[in-house]
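Here are a few exercises to work through with the model open beside you. Try each task before reading its solution.

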Amino acid sequence: MRKGGTEEEILSLLRTSGEKYLSGEALSKKFKVSRTAIWKHIHSLIDQGYVFESHTNLGYRLLTAPDLLLPAEIEHALSTKYIGRELYCFNEIGSTNDMAARLTEKEVPEGTVVTAEKQTAGKGRLGRTWISPEKTGLWFSVILRPKISPYHSPKLTFIAGLAVHDAVKKVTGEDPELKWPNDVLLNGKKICGILTEMKAEMDAVNYLIIGIGINVNLSKNDLPESVRARATSLKIELQKEVSRVKLLAEVLKCLEEYYDLFKQEGPEPIIRKWKRKCATLGKKVRIQSGSEVIEGVAEDIDADCSLLIRLADGTVKKAVTGDVN
Ligand code: BT5
């Protein structure tokens with residue numbers, strides 16, 4: 001589903017006219033369609049969750065808009081230059097990352113965003129499942145084409161983590177923490193996971209897909225018991241709903257700012273800031289990295305975004321990826 005069409009233009013006009021009513025006749029003249037067509041568009045918008053006040057003599061005015069991942073809603077909230085300016089919004093798909101990968105076969109611009117109200121095959125790392133119930137979370141992917149070697153891709157996961165951190169802070173006032181390498185935590189539990197995938201040659205990335213899953217308005221029952229012990233949502237923690245559209249627009253804005261900073265100044269400022277928000281450093285950790293288990297104290301993050309762990313014998317080991325417990 002993509003943006004565009006008379007319906008969105010009608011919506012946009014009703015939005016900008018605020019308190020003022022717009023008559024069916026004025027709308028039909030403006031868009032050169034019949035009044036019945038206008039009526040049908042208004043009813044289609046009502047079916048999508050928009051609430052209008054209609055008055056026989058005066059016409060329509062918009063009262064409230066739904067918190068749905070509709071192109072018109074996201075566009076209205078968006079303040080970016082290029083991230084999210086090309087939008088593909090789906091009600092239900094397997095995985096937004098997989099759809100984004102398919103889209104890269106066409107010449108989609110950098111910053112293209114794919115969203116889904118529900119994923120039926122949401123992916124975590126290493127073939128794990130990402131629970132993505134309908135109309136409760138933000139399940140989306142961003143296509144980037146950084147001119148970097150594949151070796152630098154973990155830095156983009158850090159950029160996404162920081163963007164989610166800043167956006168959650170701006171929208172809710174809460175100050176989440178970052179868990180190495182790809183999680184955002186609130187009150188010690190996971191509210192967001194990031195899955196960065198790419199297509200690359202030996203020394204150059206063709207495209208990179210940053211998949212972000214944020215548990216916004218999930219209730220406890222939306223998460224299976226096995227996941228619930230370590231996961232939560234903004235709604236569970238704050239005991240109130242958070243606007244998904246507002247949060248998405250803010251994440252995309254922060255993502256664009258950090259990505260531009262990365263392109264201008266390289267990874268140092270990103271890694272420095274990420275470390276300040278990191279919940280992993282200074283803690284005793286047990287890391288499953290491939291078939292290897294590393295136990296020690298998480299001491300630092302190096303310039304490659306790897307975790308440096310001080311072992312009991314005083315030596316330092318480097319984990320490039322893995323799961324921290
Ligand atoms: C991740 O993997 O944390 C990356 C998740 C990325 C999800 C986004 S949604 C949009 C885009 N499209 C996709 O298909 N994926 C991306 P990992 O670190 O491997 O964590 C996965 C583990 O987290 C699972 O094995 C569960 O234990 C747990 N988990 C699953 N669903 C969860 C949820 N909604 N909230 C918190 N934890 C969850």
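**Exercise 1. Find the polar contacts to the ligand made by lysine 123, arginine 125 and asparagine 215.**

Solution. In this predicted model, start with lysine 123: one of its backbone N or O atoms is 2.7 Å from an oxygen atom of the ligand. Next, take arginine 125, where a backbone N or O atom lies 2.9 Å from a ligand oxygen atom. Then turn to asparagine 215, which places a polar side-chain atom 2.7 Å from a nitrogen atom of the ligand. With a cut-off of 3.5 Å between N or O atoms, each pair therefore counts as a polar contact. As for cover, the ligand taken alone exposes 790 Å², and the protein buries 92% of that.

**Exercise 2. Describe the shell around the ligand: which elements supply it, and what kinds of residue does it hold?**

Solution. Begin with the site itself: the ligand takes up the space of the largest pocket. There are 28 residues around the ligand, and those that come nearest are Ser95, Lys123, Arg128, Lys190 and Asn215. Now map the elements: helix H5 (96-103) and strands E5 (138-144), E8 (189-200) and E9 (205-214) each supply at least two residues of the shell. Of the elements, E8 gives the most, with four residues. Finally, sort by type: the shell has 10 nonpolar, 13 polar and five charged residues.

**Exercise 3. Locate the cis peptide bond and the positive phi of leucine 126.**

Solution. For background, most peptide bonds are trans, and most residues other than glycine have a negative phi. The cis bond joins tryptophan 180 and proline 181, with omega about -5 degrees. Proline 181 belongs to the loop between strand E6 (177-179) and strand E7 (183-186). Leucine 126, although not a glycine, has a positive phi of about 50 degrees. Leucine 126 sits in the loop between strand E4 (113-119) and E5.

**Exercise 4. How far apart are the C-alpha centres of domain 1 and domain 3?**

Solution. First set the bounds: domain 1 covers 6-64, domain 2 covers 71-276 and domain 3 covers 284-324. The C-alpha centres of domain 1 and domain 3 are then found 58 Å apart.

Key. Residues are numbered from 1 along each chain as its sequence is written. This is a predicted model: local features need pLDDT of at least 70, side-chain atom pairs count only at pLDDT 80 or more; totals for chains, interfaces and linings use all residues. Side-chain values use heavy atoms; hydrogens and water are left out. A residue is near a molecule or strand if one of its heavy atoms lies within 4 Å of it. A polar contact is a pair of N or O atoms within 3.5 Å; within protein, one must be able to donate a hydrogen and the other to accept it, and residues adjacent in sequence count only if both atoms are side-chain atoms. Accessible areas come from the Shrake-Rupley method with a 1.4 Å probe; for residues, only the protein chains shown count as cover. On a 1 Å grid over the protein atoms alone, a cavity is a set of points where a 1.4 Å probe fits but cannot get out, and a pocket is an open set with protein on both sides within 12 Å along at least five of seven lines; lining residues have an atom within 4 Å of a point. A molecule sits in a cavity or pocket if more than half of its atoms lie within 2 Å of its grid points. Ala, Val, Leu, Ile, Met, Phe, Trp, Tyr, Cys and Pro count as nonpolar, Asp, Glu, Lys and Arg as charged, and the others, Gly among them, as polar. Domain bounds come from an automatic or database domain assignment.
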